[in-house]
Amino acid sequence: MTDKDGNSGYPKDFHIGFMLDTKAQVEETYKRLKDGNIAIESGPRKIRDSFDFYFHFDNIFIEVAQLSE
């Protein structure tokens with residue numbers, strides 16, 4: 001969803017999230033994305049009340065997380 005100038009039509013900080021059941025699933029998802037040459041700036045880590053990582057794919061901001069137990 002971009003305009004003719006390449007600007008996103010999404011609100012600031014808009015993202016989609018994939019909530020997984022375990023930290024191991026988050027780590028495996030990160031590894032599979034990296035192995036597929038998806039650019040991710042930093043690996044999974046504890047952020048607030050979750051274990052997660054974020055990345056951009058095209059102009060969509062994506063979160064993969066496991067909520068703290």
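**Exercise 1.** Classify F53 of this predicted model as buried or exposed.

*Solution.* The class depends on relative accessible area, with buried meaning under 20%. F53 has 0% relative accessibility and therefore counts as buried. F55 is likewise buried, because its relative accessible area is 7%. For context, 23% of the 69 residues of the protein count as buried.

**Exercise 2.** Determine how many aromatic pairs the structure holds, and characterise the geometry of the pair F53 and F55.

*Solution.* The structure holds three aromatic pairs. In the pair F53 and F55, the ring centres lie 6.0 Å apart and the planes meet at 25°, so this pair is stacked. A second stacked pair consists of Y54 and F61, because their ring centres are 5.2 Å apart and their planes stand at 20°. The cut-off applied here is that planes under 30 degrees apart count as stacked. F61 itself counts as partly exposed, at 24% relative accessibility. Finally, F53 and F55 form one aromatic cluster together with Y30.

**Exercise 3.** Identify the ring over which the charged end of K23 sits.

*Solution.* The ring is that of F51, and the charged end of K23 sits 5.5 Å from its centre.

**Exercise 4.** Establish which residues make the nonpolar surface patch, and locate F14 relative to β1.

*Solution.* The patch is made by F14, I16 and F18 and covers about 270 Å². F14 lies in the segment before β1, which spans 16-19. With 37% relative accessibility, F14 counts as partly exposed. In the protein as a whole, the elements run β-α-β-β-β from the N terminus on.

Conventions. Residues are numbered from 1 along each chain as its sequence is written. This is a predicted model: local features need pLDDT of at least 70, side-chain atom pairs count only at pLDDT 80 or more; totals for chains, interfaces and linings use all residues. Side-chain values use heavy atoms; hydrogens and water are left out. Patches are made of residues with over 30% relative accessible area and no salt bridge: like charges are joined within 9 Å, nonpolar side chains (Val, Leu, Ile, Met, Phe, Trp, Tyr) within 5 Å. Accessible areas come from the Shrake-Rupley method with a 1.4 Å probe; for residues, only the protein chains shown count as cover. A salt bridge is a side-chain nitrogen of Lys or Arg within 4 Å of a carboxyl oxygen of Asp or Glu. Helices (H or I, at least four residues) and strands (E, at least two) are DSSP runs, numbered from the N terminus. Buried means under 20% relative accessible area, exposed over 50%, partly exposed in between (1.4 Å probe, protein chains only). Rings of Phe, Tyr and Trp (its six-membered ring) pair if their centres lie within 6.5 Å; planes under 30 degrees apart count as stacked, over 60 as edge-to-face and the rest as tilted. A charge sits over a ring if NZ of Lys or CZ of Arg is within 6 Å of the ring centre and within 35 degrees of the ring normal.
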